[in-house]
Amino acid sequence: MSAKKYGGGPIKPPPNTTPDISRGILPDISPGISPGISRGTSPGIPPQGIAPQGIAQGEAQAAIPPPRRARRASGYKARLVFDLALFTGLAVLAAAVFYQASGKTSYNWQWERLAPYLARLVPEDGGHFWQRLTPGLLLRGFAVTIQISFWSFLLASLFGFILGLCRFCRRPFGRLFGGTCVTLLRNVPPLILVFIIHYFINAQVAYSIDWGWVSLLPPLFPVPSQMPVFTSAVLALGLYEGAYVAEIVRAGLESVPKTQWEAGLALGLSSRACLFKIVLPQARRMMLPPLVSQTVSLVKDSSIVSIIAVQELTQEGMDVITASGLVFEVWLTVTALYLLLCLAISGVGRLLARNRN
């Protein structure tokens, strides 16, 4: 069949679309557009990323701007160097201020006298070194601080979870009860709360209990004579921090979209099953960072219970100052111990968040 039957001439072969690699040109073979001219460009203006004819391939690559990732990497390195220099300058400035302050006060630093208050060796023959090493007043107070923080955290978690559910529920009684408890506990100074619980509530009960059994669990509880004030401290801190935990729980539950509830109910689950199987697993990821921050705050707030003679770290530090006169050495050591405990809690929180993600 001839092509002239349809009014056309002989069929022409398609143009050669093989790219001329020798000249570094990658022509555009889009229909209706001449080779070498890409869509959206004017004739005579080479498209971006394509070198014009007559330019070597190396010069064409030099004309192409660097990728965005490379520019970001170079900018990050510059910011990193600037931030390190700024941090070093601030550290040097703080060291200079501390040196000048210590020189003007003419304070005689005696760190060697502080060692027996941290740990000491029992003067007995025989036995391993670690068996003869006994903790001093500061380390024993540090252990009591850990015990108070542990039991207060458990109480605050339980109490705060219940109050958070009450604040989240639909029933008016639950909302009223949870809102009243949270409002009262959050707006009362913690020191006054310690006084109220110790002298008006716990003093009628704790001193009439035989606490001799706690000597069987020394890692978890202090000596039996300290249990009345210890329970007062745990109750006060647990209730006070539990009010903040309740708000964290409520905010975490409200952060889950309502469509999750609707999907669970549509599958035939009850409201309780939706809460514990669908909503809470999603809300835990949102609640973990503020809970870690609140735990660190609990550790720092535990220092106020020294007002009722709890032999924790702050109280033991004041006793050591009274006995030795080492004011700055003791307070710097107490600060370092609190910082060590708070950093450990923050590190555990970061590991939990990483595993959760």
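**Exercise 1. Work out how α5 and α8 are oriented to each other, and which hand their crossing has.**

Solution. The short version is that α5 and α8 are oblique to each other. Keep in mind that we're working with a predicted model here. Step one: find the two axes, which come within 5 Å and cross at roughly 40°, with α8 covering residues 227-255. Step two: check the angle against the classes, where under 35 degrees would count as roughly parallel and 65 to 115 as roughly perpendicular. Roughly 40° fits neither class, so the pair is oblique. Step three: look at the hand, and you'll find that α5 passes α8 in a right-handed crossing. Step four: sort the contact residues by class, which gives 19 nonpolar, seven polar and five charged.

**Exercise 2. Now do the orientation of α5 and α11.**

Solution. Start with the axes of α5 (residues 137-168) and α11 (residues 313-324): they come within 7 Å and cross at roughly 160°. Angles over 145 count as roughly antiparallel, so α5 is roughly antiparallel to α11. The crossing is right-handed. Next, pick out who touches whom: α5 brings Leu137, Leu138, Gly141, Phe142 and Thr145, while α11 brings Leu313, Glu316, Gly317 and Val320. Split by class, this contact has five nonpolar, three polar and one charged residues.

**Exercise 3. Which residues of α5 and α6 meet, and what hand does the crossing have?**

Solution. First the geometry: the axes of α5 and α6 (residues 172-186) come within 7 Å and cross at roughly 130°. That makes α5 oblique to α6. The hand is left, as α5 passes α6 in a left-handed crossing. On the α5 side you'll find Phe159, Leu163, Cys166, Arg167 and Phe168. Facing them in α6 are Gly174, Arg175, Phe177, Gly178, Gly179, Cys181, Val182 and Leu185. Sorted by class, the residues of this contact are eight nonpolar, three polar and two charged.

**Exercise 4. Where does α10 bend, and how far apart are its ends?**

Solution. Count along α10 (residues 271-301) and you get 31 residues. A straight helix at 1.5 Å a residue would reach 45 Å, but the end C-alpha atoms here are only 37 Å apart. Now look for a bend: there's one of about 45° at Leu280, and Pro281 follows within four residues.

**Exercise 5. Place Tyr207 and find its contacts.**

Solution. Tyr207 is in the loop between α7 (190-201) and α8. Skip its neighbours within four places in sequence, and Tyr207 is in contact with His198, Asn202, Pro228 and Val229. Take Pro228: it is 21 residues from Tyr207 in sequence, yet 5.9 Å away C-alpha to C-alpha.

Methods: Residues are numbered from 1 along each chain as its sequence is written. This is a predicted model: local features need pLDDT of at least 70, side-chain atom pairs count only at pLDDT 80 or more; totals for chains, interfaces and linings use all residues. Side-chain values use heavy atoms; hydrogens and water are left out. Axes are lines fitted to C-alpha atoms, for helices over the stretch in contact, and angles run from 0 to 180 degrees between N-to-C directions. Helices (H or I, at least four residues) and strands (E, at least two) are DSSP runs, numbered from the N terminus. A crossing is left-handed if the near helix is turned anticlockwise from the far one by less than a right angle, and right-handed if clockwise. Contact means heavy atoms within 4.5 Å. Ala, Val, Leu, Ile, Met, Phe, Trp, Tyr, Cys and Pro count as nonpolar, Asp, Glu, Lys and Arg as charged, and the others, Gly among them, as polar. The expected span of a helix is 1.5 Å times one less than its number of residues. The bend at a residue is the angle between axes fitted to the seven residues ending there and the seven starting there.
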